[in-house]
Amino acid sequence: MCGIVGYVGEKVSLPILIEGLRRLEYRGYDSAGIAYRNGKGIGVCKAKGKIGDLEQLLPVPFPEARTGLGHTRWATHGMPSARNAHPHVADGVAVVHNGIIENYQELKQELLSEGHRFLSETDTEVIPQLIVKYLKKGLPPTDAIKAAAAHLKGSYAVGIMCEAQPDTLFALKKGSPLALGFGENEYFFASDMTAILPYTRKFILMEDGQICTMTPRGLTLEYTNGDAAVMVVEKIIEVDWTPSMTEKEGYEHFMLKEIHEQQRTVAETLQGCTDLSQQLPNDLGLPAGMLQKVRRLQIVACGTSYHAGLVGSYIIERFARLPVDVAIASEYRYRDPLLEEGTLFISITQSGETADTLAAQREAKRRGAAVLTICNVPGSTASREADYVLYTKAGPEIGVASTKAFTSQMTLLYVLALAFGVQRGALSLEDARSCTAQLLSLAGHIETTLKTSDSIRPVAETLTGAKGFLYLGRGINYPIALEGALKLKEISYIPAEGCPAGEMKHGPIALIDGQTPVVVVAPADDLFEKILSNIEEVKARGGRIIAITNKPASLAHKADAIIEVPDVHPALTPFVTVIPLQLLAYHIAALKGCDVDQPRNLAKSVTVE
């Protein structure tokens, strides 16, 4: 969950490393550090706190260091402190690490017994100590790193500098993501591509068990187990992301920018997915005849992606008449899941690197299921390991609290539902084309919904002092209530519970009093009368109602505040009901002075269990 970046080339490295670390801030961190060639050996600066705190410690002017490593730490082993911050250095070897070394205690005790001296509480420090151990046995750096890697259990993306090879960086990967970037006589590595987008759009996504050696003259990839080197040219991908996608472009926060990008990202995700002829499965990259053979879907994801999967289950069962199970990834593989013949496993992950989702995906493959992943990052681990891939077109999402990725994921799930419906004969081509036309009109409806932002802020001003919220929804908008509650919790730190409105009387109703805001997702669909009854139950107990609806007249005397959304096809209401909830959470958090883009204790891509 940490961020790492490395540079070797002809430029001064420190400005590049600092810029890379700033672009990794969204992952969440509590300390930062840099290692660089200082002409005498390896210079190190580390600080608890933000990148700005680190910059205060760097030498001015920057030294002419052409090689360097940077790190933002999200604490796991050892409290946040300068001592525990990376890079960790031992006898001329500097290491930055993203991941967890599960057997570090055993390794540390062994190394201590051999006379090695440790300076931190971290699991990471065993890595440079192991490398030093093998360097002292006479192994060259690459072989010493391979020998050290053979002892490591867990997940890791590691960047390494050795005084013995001053113009060389090494990178090592197992389980945690690591991207290699290609420039002119310069090379990079980073936890994700956004860190180095200003310098290159050409990347290799490293595979597990690989070690990379890079100098200004080129790089090589080989396997730590001694397998043959990789043909680098064949592995290079070029992304269409631009540096401006990782800039705020006038918005106060990345989250607000990304909320307002949803009109575009939903439309772009739909491109190439709107031909509902018999060729649609091929257009989606699925083999002909596959959809007819599927008997059941299992959708697995974490957090916001899980909520997208819940929306998908409603729409797939409605349009394709196909049973769908939705599971939280962190629980999935521990429950001995049933994957009978004809099951298609669908993982949903923005980054393609979420550890729990990858573990569930691997378990499904191990049990023989066909695996389709919906993700946002080309070349990510999930996309490489899946049998089939559907890419969202959300572009880089910097805000930790996901917004545009959620609606892009829903978009592909809707398209997939229509494809299943047509191919399985559950949906006529005429009805599918009508639904597609509704999908294509979404961008305009999202644009209209985004205009509610100014009217939501005054509502938010009255809610910043609330101690807890209840979010209610029914049917396909129950997952939207869950997502609204999650957004509020993530960025404002106010406890919030989402529940099906009909389930309220079975427990959550006990939370309601005159101080409890109750946010109700109430579009005018076939459950509208039911949710009106639930609103009456809340009002009878003094709760304050904030209603998200396209039928404001019916709620004029029932709700304390109404946020009006456009009329859309009832099956598409999640696209317009979720945006006001994103904006409500955003405005409450911003008014409270919370760190909207980097909420406490959270990381964007959760790459460890």
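Let's start at Pro 61, which is found in the loop between α2 (51–55) and β4; helices here are DSSP runs of H or I of at least four residues, strands are runs of E of at least two, and both are numbered from the N terminus. The bond joining Val 60 to Pro 61 is a cis peptide, with omega about -5°. A second cis bond runs from His 86 to Pro 87, with omega near 5°, and Pro 87 has its place in the loop between β4 and β5. As a reminder, most residues other than glycine have a negative phi, and most peptide bonds are trans.

A quick word on what we're looking at: this is a predicted model, where local features need pLDDT of at least 70 and side-chain atom pairs count only at pLDDT 80 or more, while totals for chains, interfaces and linings use all residues. Residues are numbered from 1 along each chain as its sequence is written, and side-chain values use heavy atoms, with hydrogens and water left out.

Now, the sheets. One is an open sheet of eight strands with antiparallel pairing, in the order β3-β2-β4-β1-β10-β9-β11-β14; two strands pair if DSSP finds at least two bridges between them. Its edge strands are β3 (42–48) and β14, each pairing on one side only. Further in, β1 (residues 3–8) meets β10 (residues 187–190) over four antiparallel bridges, and Gly 6 has Phe 189 in β10 as its bridge partner. Moving along, β9 (residues 179–182) and β11 (residues 202–205) are antiparallel over three bridges, with Gly 181 partnered by Phe 203. Then β11 pairs with β14 (residues 237–238) over two antiparallel bridges, and there Lys 202 stands opposite Glu 238.

What lies across β1, β2, β4 and β10? That's helix α1 (residues 13–23), running at about 25° to β4. Contact means heavy atoms within 4.5 Å; axes are lines fitted to C-alpha atoms, for helices over the stretch in contact, and angles run from 0 to 180 degrees between N-to-C directions.

The other sheet I'd like to show is also open, with six strands in the order β5-β6-β7-β8-β12-β13 and antiparallel pairing. β5 (88–90) and β13 (218–223) stand at the edges with a single partner strand each, so one side of each has no neighbour in the sheet. From one strand to the next, the twist averages 20°. Inside, β8 (residues 169–174) and β12 (residues 210–215) share five antiparallel bridges, and Phe 170 is partnered by Thr 213. Helix α4 (residues 126–135) lies across β5, β6 (93–101) and β7 (154–162), at about 130° to β6.

On to α11 (residues 303–320). Why does its length agree with expectation? Its 18 residues should span 26 Å at 1.5 Å a residue, and the end C-alpha atoms are 25 Å apart; the expected span is 1.5 Å times one less than the number of residues. Of those 18 residues, 14 are buried (under 20% relative accessible area; exposed is over 50%, partly exposed in between, with a 1.4 Å probe and protein chains only). Arg 321 follows α11 with a positive phi near 50°, and this arginine is exposed, at 59%.

Last stop, Tyr 493, in the loop between α19 (478–492) and β21 (496–500). Its phi is positive too, near 65°, and Tyr 493 is partly exposed at 25%. The charged end of Arg 600 sits over its ring, 3.9 Å from the centre; the rule asks for NZ of Lys or CZ of Arg within 6 Å of the ring centre and within 35 degrees of the ring normal.
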